[in-house]
Amino acid sequence: MSYEQSRSEVLAGFDQDDWSSSRQLVGWLREIGAADAALKVGEPAPDFLLPDADGNLVSSARLREKGPLVLSFFQGGWCPFCTAELRALQVAEAKFGAAGASLVVISPDTQHFPRQLRKENGLDLTILGDVDYGVAMAYGVLFAVPEGVLRHYARRGVDIGGRHGSPVTMLPIPATFVVDRHGGIASAFVEPDFTRRQEPDEILKVLEEAARR
């Protein structure tokens, strides 16, 4: 199933409160130009060292030695659009590997939440915890969550600060970057409408084009 198909199913379950909060957040992000600070194609990609779901440190520089690196920023296992995206990426991961690329997904979720996400969704992806939001900030996709949206999440039983282990409630704009083996941004998909994500087939096309250069 493509991400777009999953997106339609999630949206079908939205109630009036969900729609109101979604419109508020997306409209605000567009109004402040939240995506404008994101890294652009051709710019250098900051390297990082982050813990995976099992506590092992993963180096982006080491992964780039093998080939291109696909970075997917997602908001957390509580977000149905994020989990739908990860399931779509899971299906495509073997194709990414065949193209010589590595895939990592980056979330501000910490503690047991990344392991729980993998288990509940049958994922075999490298999920990295963006401790203190440093990598999302470096890639220009971080924003402070408005109070009204936080209240909506709380009514849905989602404690953002508790999941992140931080009193600072921030989230990344969902984004996908392809980093070439030399450390440059080869592709950037950054969309303030958090219900929309880059389809894995589109990412694969970028990887195939990069391989021909």
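The legends below describe close-up views of a predicted model.

Residues are numbered from 1 along each chain as its sequence is written. Because the model is predicted, local features need a pLDDT of at least 70 and side-chain atom pairs count only at pLDDT 80 or more, while totals for chains, interfaces and linings use all residues, and side-chain values use heavy atoms, with hydrogens and water left out.

**View 1. The edge-to-face pair of Phe14 and Trp19.** A pair of aromatic rings is described by the distance of the centres and the angle of the planes. Rings of Phe, Tyr and Trp (for Trp, its six-membered ring) pair if their centres lie within 6.5 Å, and planes under 30 degrees apart count as stacked, over 60 as edge-to-face and the rest as tilted. By this rule the count comes to 8 aromatic pairs. In one of them, Phe14 and Trp19, the ring centres are 5.2 Å apart and the planes stand at 75°, so the pair is edge-to-face. Phe14 is buried, with a relative accessible area of 17%, whereas Trp19 is partly exposed, with a relative accessible area of 32%; here buried means under 20% relative accessible area, exposed over 50%, and partly exposed in between, with a 1.4 Å probe and protein chains only. Phe14 and Trp19 also belong to one aromatic cluster, which they form with Phe81 and Phe194.

**View 2. The pair of Trp28 and Phe143, which links distant parts of the chain.** The ring centres of Trp28 and Phe143 are 6.3 Å apart and their planes are at 65°, so this pair is edge-to-face. Trp28 belongs to helix H2 (residues 16–31) and Phe143 to strand E6 (residues 142–144), and the two are 115 residues apart. Helices (H or I, at least four residues) and strands (E, at least two) are DSSP runs, numbered from the N terminus. Trp28 counts as partly exposed, at 28% relative accessibility, while Phe143, at 4% relative accessibility, counts as buried.

**View 3. Arg163 over the face of Phe113.** Arg163 lies at 4.1 Å from the ring centre of Phe113. A charge sits over a ring if NZ of Lys or CZ of Arg is within 6 Å of the ring centre and within 35 degrees of the ring normal.

**View 4. The largest pocket and its lining.** Rolling a probe the size of a water molecule over the atoms shows where empty space is left. On a 1 Å grid over the protein atoms alone, a cavity is a set of points where a 1.4 Å probe fits but cannot get out, and a pocket is an open set with protein on both sides within 12 Å along at least five of seven lines; lining residues have an atom within 4 Å of a point. The largest pocket has a volume of about 230 Å³. Its lining has 16 residues, of which Asp18, Trp78, Pro80, His152 and Tyr153 are the closest to the pocket centre. H2, helix H4 (80–98) and helix H7 (147–155) are the elements that give two or more residues to this lining, and H2 gives the most, with 4 residues.

**View 5. The largest cavity and two residues of its lining.** The search of the whole structure finds 1 cavity of 30 Å³ or more, and the largest cavity has a volume of about 30 Å³. Pro108, Thr110, Asp130, Val131, Asp132, Tyr133 and His164 line the largest cavity. Asp132 is found in the loop between E5 and helix H6 (134–138), and Asp132 has a positive phi of about 60° although it is not a glycine. Tyr133 lies in the loop between E5 and H6 and has a positive phi of about 65°, although Tyr133 is not a glycine either. Asp132 counts as exposed, at 62% relative accessibility, but Tyr133 is buried, with a relative accessible area of 6%.

**View 6. Cys79 and Cys82, without a disulfide.** A disulfide is a covalent bond between the sulfur atoms of two cysteines. The cut-off for a disulfide is a pair of cysteine sulfur atoms within 2.5 Å, and the structure holds 0 disulfides. The sulfur of Cys79 has its closest cysteine sulfur in Cys82, 3.0 Å away, which is too far for a bond. Cys79 is buried, with a relative accessible area of 2%, and Cys82, at 0% relative accessibility, counts as buried.

Note on methods
Grid points are joined across faces, edges and corners, and a volume is the space filled by probe spheres set on the points.
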